[in-house]
Amino acid sequence: MNIDEIKIGDILLNECNDRGVLGHEVLVVTEVSYNCSRYGAPYITTEVIKSPVYGKGKEKVFTKLGLLRGITKIA
């Protein structure tokens, strides 16, 4: 997925394999930034809606490279 295709309010599905837990996370995009000074690449900030690992409402950040790892846009 290309970061240019993502807008604030989009809902993303992430295939989660973290801490030995398999499942899917549902995330909503809260920020899209093309400023490279913070993470060294453009990034999106998301809020966790549902996750087998993280609690609801937690913030997760994905860089352009992270978006290539099993994240799909569902709405």
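1. A residue is called buried here when its relative accessible area is under 20%. By that cut-off, 32% of the 75 residues of the protein chain count as buried. Please keep in mind as you read on that this is a predicted model.

2. On confidence, the protein chain has an average pLDDT of 88, and 96% of its residues score at least 70. Strand S3 (residues 43-50) has the highest confidence, with a mean of 94, while strand S1 (residues 11-18) has the lowest, at 85.

3. Now for the fold. You will find five strands and zero helices in the protein chain, and from the N terminus on the order of elements reads β-β-β-β-β. The protein chain is as compact as a globular protein of its length, because its radius of gyration of 12 Å is close to the 11 Å that the globule rule gives for 75 residues.

4. If you are setting the overall dimensions beside the picture, the C-alpha atoms of the protein chain fill a box of roughly 30 × 25 × 20 Å along the principal axes.

5. A word on contacts: taking those in the protein chain with a separation of 6 or more, 41% are between residues 24 or more positions apart.

6. Turning to the surface, the protein chain exposes about 4600 Å², and 52% of this area is supplied by carbon and sulfur atoms.

7. Lastly, the charges. The protein chain carries 10 positive and 9 negative charges, and the mean positions of these two groups are 3 Å apart.

Conventions. Residues are numbered from 1 along each chain as its sequence is written. This is a predicted model: local features need pLDDT of at least 70, side-chain atom pairs count only at pLDDT 80 or more; totals for chains, interfaces and linings use all residues. Side-chain values use heavy atoms; hydrogens and water are left out. Helices (H or I, at least four residues) and strands (E, at least two) are DSSP runs, numbered from the N terminus. The radius of gyration is taken over C-alpha atoms; the globule rule is 2.2 Å times the number of residues to the power 0.38. Buried means under 20% relative accessible area, exposed over 50%, partly exposed in between (1.4 Å probe, protein chains only). Contact means heavy atoms within 4.5 Å. Accessible areas come from the Shrake-Rupley method with a 1.4 Å probe; for residues, only the protein chains shown count as cover. Lys and Arg count as positive and Asp and Glu as negative; His and the chain ends are not counted. The place of a charge is taken as NZ of Lys, CZ of Arg, CG of Asp or CD of Glu. pLDDT is the predictor's confidence in each residue, from 0 to 100.
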